[in-house]
Amino acid sequence: MKEQTLTDEQARAMSADELYRALHCGAEGLSAEEAQRRLADYGPNALPEKHVSPLLAFGRYFWGPIPWMIEAAAVLSIVAGDWKDFTIIMVMLLFNALIGFWEEHKASNALEALKAGLALKARARRDGRWGEVDADSLVPGDVIRIRLGDVVPADVKLIEGEYISIDQAALTGESLPVNKRVGETAYSGSVAKQGEMIAMVTATGGETFFGRTARLVAGAGAVSHFQQAVMRVGNFLIVLAVGLSLLLISIVLWRDYASQGNLDLHGMMQLVKFVLILVIASIPVAMPAVLSVTMALGALALSKNKAIVSRLQAIEEMAGVDVLCSDKTGTLTKNELTLGEPVLFEANDAQQCILAGALASKEEDQDAIDLAVLGALKDKTVLGQYRQTNFAPFDPVSKRTEGTAVGPDGKTVRYTKGAPQVIVGMSDLDEAGREKAKKTVADFAAKGYRALGVARSDDDGARWRFEGILPLFDPPRDDSKSTIDQARQHGLDVKMVTGDDVAIGAEISGRLGMGVHIHPAAEMFPEGTDVEHVSSRLARRIETADGFARVFPEHKYGIVKALQGRGHIVAMTGDGVNDAPALKQADCGIAVSGATDAARAAAALILTAPGLSVIIKAVEAARKIFERMMSYTIYRIAMTIDVMFFVVLSMLIFPKIADGHGAIVAFQPLTAVMIIILALLDDIPIMTIAYDHTRIDPKPVRWEMGRMLSVSIVLGVLAVVETFGLLCTGMYLLSEQITVWGRQIDANHLQTMVFLQLVAGGHLMLFVTRTKRFCLAPPWPAAALFFAIIGTQIFAAWMCGFGWLVPPLPWELIGLVWLYNLAWMFVQDVAKLGVNYVLDNRSHRRGLFLAHLNRHVHPHGAIHG
């Protein structure tokens with residue numbers, strides 16, 4: 001039986017001792033065994049998710065506008081007694097459902113894998129030791145540590161520590177963070193903005209304040225700008241197909257009525273069934289599923305490269321990024337800090353200065369600077385002589401840490417370490433000492449060293465004594481320079497963003513070949529600057545800068561806004577809770593490896609490994625995914641134009657034909673069965689397009705509706721001409737009773753020839769649309785796509801050769817149709833290259849014109865196309 005959980009009111013009213021008794025635990029937390037027992041009792045610390053049964057999910061594919069149309073065609077086949085058509089129509093209905101269900105299943109599995117990679121962690125004390133656990137394994141009675149940047153993982157009561165500032169605006173509507181102290185409660189989902197405290201979990205999962213009052217919004221399935229635009233195209237094609245179908249029905253019925261004086265009910269039913277099947281086969285039914293699977297599988301591939309997308313539309317944003325603002329520490333550098341020889345001021349020796357810095361550190365927080373300072377102590381046992389009674393962790397506003405410790409002599413002393421200018425400002429150094437400190441920092445910076453000021457106070461902060469300066473060096477990563485060169489080849493402008501001094505930033509930036517024009521962010525954004533409305537002059541300075549130093553989180557936000565105002569698609573890296581606004585504002589916010597939960601929640605891309613190369617790989621992968629989606633969309637639009645316009649126009653232009661025996665019969669270029677098989681065979685190759693090899697575009701890629709429509713319309717119109725060319729050739733052979741290899745062509749042969757041409761020509765067009773370059777140039781198609789296309793081609797040829805479900809066609813004619821399609825494939829490819837060449841030239845000329853205007857007409861502003 002599930003144990004009783006505490007409500008928020010009960011937890012607030014209880015003292016710590018009452019809470020321990022109510023939850024049967026203590027300040028030391030739970031044992032691992034007890035935590036496991038309670039997890040089985042209370043359930044995971046997560047809101048219950050609604051899971052749809054696979055059977056119900058599969059059943060949805062038989063309900064909706066498209067399935068209704070297929071089902072209506074099946075009913076009409078039963079009424080007409082056409083059981084062959086009925087069987088094939090039902091196969092089509094089942095096949096479409098299976099494809100949709102399978103692709104949804106693949107997308108769902110990919111998203112589940114991504115969610116697993118984004119699982120939150122918590123620091124809990126179990127079996128008397130602190131360790132990292134999955135947040136969903138927390139149970140009431142667990143003791144956890146909450147610090148700057150953490151998302152509070154459950155409802156908790158604060159039991160130890162000085163204070164913590166909690167942002168709970170999303171839950172309670174309070175606009176400002178709330179300071180909380182021992183005895184107060186904090187809610188699941190709120191964010192720690194400052195401070196650090198120890199707390200006890202009082203409620204988890206659906207029993208939390210958040211669980212009772214909120215509903216999760218599923219963002220993973222949100223639709224990107226690309227998908228929205230493609231859906232608009234798809235809807236237009238549906239309207240076009242339905243409009244052409246209604247036109248066809250109206251004209252055919254009017255002709256029959258005019259010639260016969262009445263309407264044949266059986267003929268009407270056959271016509272409606274034929275048109276229904278034609279519309280179903282023509283419209284891009286599978287487009288949403290193909291795009292979703294392409295993006296989901298692409299996102300899964302990204303996660304294997306140590307980059308997790310928090311929402312699928314981030315792929316589109318990454319593919320278009322042209323400016324990357326990268327943190328220096330840990331991304332461009334190794335984040336392996338090494339302590340140099342300290343410069344002493346009031347400390348007696350180097351180890352005394354380092355000890356003061358170590359007492360303003362906390363090993364269990366695993367902070368890189370703290371670990372470097374602690375690691376520099378020659379005798380680490382000396383720390384055992386001190387008892388740390390309080391610790392204030394680093395925050396980006398105060399730019400320092402502070403620890404209070406009782407020494408071996410029983411005296412309480414406060415120690416602090418942090419940015420030298422901050423520590424010097426706190427201390428009682430005279431003017432000569434301040435000048436010495438300033439020069440020391442400058443000398444270290446010129447060598448690429450960071451400097452850390454250390455001070456102590458023996459009178460509870462009334463007077464701070466400056467102990468000395470600790471030099472820290474974080475060398476560039478081995479692959480940073482080559483990765484930046486690679487980024488430039490991809491059209492990416494990488495700008496350094498660092499909280500360090502200008503000299504340090506310029507030293508590292510220069511070593512990496514990024515330029516040395518590093519500007520102090522405070523000069524770019526003087527106090528009182530409205531970062532929401534950056535002037536065009538300032539935006540231009542930001543655009544031309546190589547990087548920025550002494551950057552605060554609010555500066556990052558202003559940099560992003562300024563670059564976006566100049567027409568750039570911006571990626572910004574960050575790791576702290578105060579970076580969240582900039583990460584959200586950026587087109588692609590990137591939470592670097594080791595980022596806080598708050599930064600991860602705000603970012604579009606979350607890195608699980610350090611280094612710039614991870615980001616560049618993510619951009620490359622995103623561009624490949626974007627190209628796959630674009631090639632599929634162009635193919636699908638062109639095929640819809642081909643099938644729909646060809647069938648409608650041929651039936652309007654050739655209402656009757658001679659059947660080769662002198663009889664005049666009504667003409668349909670394809671039978672209903674052929675259209676169904678055509679649709680089924682079309683679905684097979686497109687299922688594999690998500691795995692295709694694609695070229696990485698050397699420039700950032702953006703959604704270009706004009707280009708996509710231009711290419712697809714040209715290819716679609718050429719495909720209509722190609723199919724009409726074959727039809728007219730066949731008509732001529734039929735009317736003139738010309739034999740081919742001794743065989744007489746009849747109307748049935750003509751239909752099979754057109755069917756084979758649409759299957760073979762359509763699938764060969766995939767080779768044309770999959771690349772902007774010549775279709776036979778590398779990268780070669782993926783094996784899955786290549787064999788899917790060749791396999792369907794061979795199957796269609798066998799169908800026509802052996803007469804499976806279609807009138808048989810001589811093998812010689814099958815060979816001729818194949819050669820005809822191959823020739824037209826190169827014609828379409830040349831047309832595609834021509835259209836892209838014209839569009840590229842137009843885009844280049846427009847870019848040069850706008851650049852000229854920016855330089856000469858608007859020297860302090862920019863015009864964006």
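Over the ring of which residue does the charged end of Arg-145 sit? In this predicted model, the charged end of Arg-145 sits over the ring of Trp-130, at 4.4 Å from the ring centre. A second arrangement of this kind involves Lys-436, whose charged end sits over the ring of Phe-345. Both are set out in the table.

| Charged residue | Ring residue | Distance to ring centre |
|---|---|---|
| Arg-145 | Trp-130 | 4.4 Å |
| Lys-436 | Phe-345 | 4.4 Å |

Rings also pair with one another, and a search of the whole structure finds 13 aromatic pairs. Among them is the pair of Phe-58 and Phe-62, which is edge-to-face, with 5.3 Å from centre to centre and 80° between the planes. Phe-62 is partly exposed, its relative accessible area being 24%. The rings of Phe-802 and Trp-804, by contrast, have planes at 20° and centres 5.6 Å apart, so this pair counts as stacked.

Phe-802 and Trp-804 also belong to a cluster in which ring pairs link them with Phe-795 and Trp-811. These four residues appear again in a nonpolar surface patch of about 730 Å², which is made by Ile-794, Phe-795, Trp-798, Phe-802, Trp-804, Leu-805 and Trp-811. Helix 29, spanning residues 783-802, contributes the largest share of the nonpolar patch, namely four residues.

Trp-804 itself lies in the loop between helix 29 and helix 30, the latter covering 811-857. With a relative accessibility of 38%, Trp-804 counts as partly exposed, because that category lies between the cut-offs of 20% for buried and 50% for exposed.

How values were computed: Residues are numbered from 1 along each chain as its sequence is written. This is a predicted model: local features need pLDDT of at least 70, side-chain atom pairs count only at pLDDT 80 or more; totals for chains, interfaces and linings use all residues. Side-chain values use heavy atoms; hydrogens and water are left out. Rings of Phe, Tyr and Trp (its six-membered ring) pair if their centres lie within 6.5 Å; planes under 30 degrees apart count as stacked, over 60 as edge-to-face and the rest as tilted. Buried means under 20% relative accessible area, exposed over 50%, partly exposed in between (1.4 Å probe, protein chains only). A charge sits over a ring if NZ of Lys or CZ of Arg is within 6 Å of the ring centre and within 35 degrees of the ring normal. Patches are made of residues with over 30% relative accessible area and no salt bridge: like charges are joined within 9 Å, nonpolar side chains (Val, Leu, Ile, Met, Phe, Trp, Tyr) within 5 Å. Accessible areas come from the Shrake-Rupley method with a 1.4 Å probe; for residues, only the protein chains shown count as cover. A salt bridge is a side-chain nitrogen of Lys or Arg within 4 Å of a carboxyl oxygen of Asp or Glu. Helices (H or I, at least four residues) and strands (E, at least two) are DSSP runs, numbered from the N terminus.
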